[in-house]
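Q: I am new to this structure and would like a close look at one part of it, followed outward into its surroundings. Please take it slowly, and explain your reasoning where a residue is called buried or exposed.

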Amino acid sequence: MTYIALIDYEMGNLQSVTKALEYVGAELRTVRTVAEAENASALVLPGVGNFGDGIKHLSEKKFLDFIRDWTTHNRPFLGICLGMQMLLDSSEEAPGVSGLQIFRGAVRRFPENTLKVPHIGWNTLTLSTSAPMFAGLPLAPFFYFVHSYYVTPENPKLSAATTDYILPFTSAICHGNVWATQFHPEKSQENGLTILRNFVHMTQNPIS
């Protein structure tokens with residue numbers, strides 16, 4: 001039986017992600033080692049907290065090269081929040097720490113503004129592509145955010161959705177079977193469940 005591997009590297013709210021994925025029909029296993037993830041049909045990398053700590057924990061558990069190889073081969077992958085940010089080269093949150101470097105670009109902190117940082121709460125997406133991750137969503141769907149940093153991919157075609165808070169920023173990436181969201185689909189009610197349901201469907205019918 002195929003399964004989706006949810007990576008536990010001590011940096012994510014696994015309970016809410018687990019409940020949401022199982023609700024939409026995922027056969028899910030929480031994995032703490034590369035060996036436990038090798039036979040999965042898809043990977044999910046959640047995450048909250050510091051960029052540098054996230055990379056450190058993934059490194060200690062030997063997941064860095066595994067994730068790079070997985071995504072390079074366009075295997076189904078979903079990164080959530082910090083799990084999205086770590087796909088890029090670097091972050092202002094942890095100067096000198098290299099990210100997974102799967103996508104060229106950097107993670108930057110929101111500039112000082114009259115709006116509060118971190119960006120917490122519901123906000124809309126402007127969908128910039130017809131990516132399969134958005135199938136079934138309404139126009140300008142609402143999602144739940146909690147973050148002080150945002151990704152700036154060098155390739156604008158990677159940006160599948162943008163959101164406006166202080167400035168417009170990339171809130172979702174879609175590149176083949178590799179998906180990532182700055183927002184938390186597991187906390188975003190029906191819209192979030194729709195994206196997770198689309199991900200589960202994609203794992204069963206990946207883009208070749």
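**A helix and its surroundings**

A: In this predicted model, helix α3 covers residues 51–60, and the buried residues within the helix are Phe51, Gly52, Gly54, Ile55, His57 and Leu58. The cover over these buried residues of α3 comes from several elements, including the strands β1, β3, β5 (90–91) and β6 (105–109), together with the helices α4 (64–72) and α5 (82–85). At the start of α3, Asn50 places a side-chain oxygen within 2.8 Å of the backbone nitrogen of Gly52. Past the other end of the helix comes Lys62, a residue with a positive phi near 65°.

Two of the strands that help to cover α3, β1 and β3, also lead into the nonpolar interior. The largest nonpolar core holds 37 residues, and Ile4, Leu21, Val44, Met133, Phe134 and Phe199 have the most contacts inside it. At least two residues of this core are supplied by each of β1 (4–7), α1 (14–23), β3 (42–45), β4 (77–80), β9 (142–147), β11 (159–165), β12 (167–175) and α6 (189–204). Among these contributors, α6 gives the largest share, six residues. Ile4 shows how such a core residue is surrounded: leaving out residues up to four places away in sequence, Ile4 touches Ala26, Glu27, Leu28, Arg29, Ser41, Ala42, Val44, Phe199, Val200 and Thr203. Separate from this core is a second one, with 35 residues, among them Phe63, Ile67, Leu100 and Tyr149.

Phe63 of the second core also has a neighbour in a loop, since Arg32 is in contact with Asp8, Lys61 and Phe63 when residues within four places in sequence are set aside. Arg32 is found in the loop between β2 (28–31) and α2 (34–37). Because its relative accessibility is 45%, Arg32 counts as partly exposed, a label used for values from 20% to 50%. With Asp8, Arg32 also makes a polar contact of 3.0 Å between the two side chains. As for a more distant part of the chain, Thr181 lies 149 residues from Arg32 in sequence, and the two C-alpha atoms are 22 Å apart in space.

Thr181 belongs to strand β13 (residues 178–181), where Val178 and Ala180 point one way and Trp179 and Thr181 the other way, yet all are buried. On one hand, β13 pairs with β4 in the parallel sense over four bridges, and Phe77 has Val178 as its bridge partner in β13. On the other hand, β13 is joined to β12 by four bridges, with these two strands running antiparallel, and here Ala172 stands opposite Thr181. The hairpin of β12 and β13 has two residues between its strands, and Gly176 there takes a positive phi near 65°.

A few backbone details elsewhere deserve the same care. Most residues other than glycine have a negative phi, and most peptide bonds are trans. Against that background, Ala140 has a positive phi near 50°, and this residue sits in the loop between β8 (126–127) and β9. With a relative accessibility of 43%, Ala140 counts as partly exposed. Gln189 likewise has a positive phi, near 55°, but its place is in helix α6, and because its relative accessibility is 59%, Gln189 counts as exposed. The peptide bond between Val117 and Pro118 is cis, with omega about 15°, and Pro118 lies in the loop between β6 and β7 (119–124).

Finally, the cysteines can be considered. The search of the whole structure finds zero disulfides. Cys81 is in none, its nearest cysteine sulfur being that of Cys174, 18 Å away. Cys174, in turn, is in no disulfide, with the sulfur of Cys81 as its nearest cysteine sulfur at 18 Å. A disulfide would need the two sulfur atoms to be within 2.5 Å. Cys81 counts as buried because its relative accessibility is 6%, and Cys174, at 16%, counts as buried too.

Note on methods:
Residues are numbered from 1 along each chain as its sequence is written. This is a predicted model: local features need pLDDT of at least 70, side-chain atom pairs count only at pLDDT 80 or more; totals for chains, interfaces and linings use all residues. Side-chain values use heavy atoms; hydrogens and water are left out. Buried means under 20% relative accessible area, exposed over 50%, partly exposed in between (1.4 Å probe, protein chains only). A nonpolar core is a set of buried Ala, Val, Leu, Ile, Met, Phe, Trp, Tyr and Cys residues joined through side-chain atoms within 4.5 Å. Contact means heavy atoms within 4.5 Å. Two strands pair if DSSP finds at least two bridges between them. A polar contact is a pair of N or O atoms within 3.5 Å; within protein, one must be able to donate a hydrogen and the other to accept it, and residues adjacent in sequence count only if both atoms are side-chain atoms.
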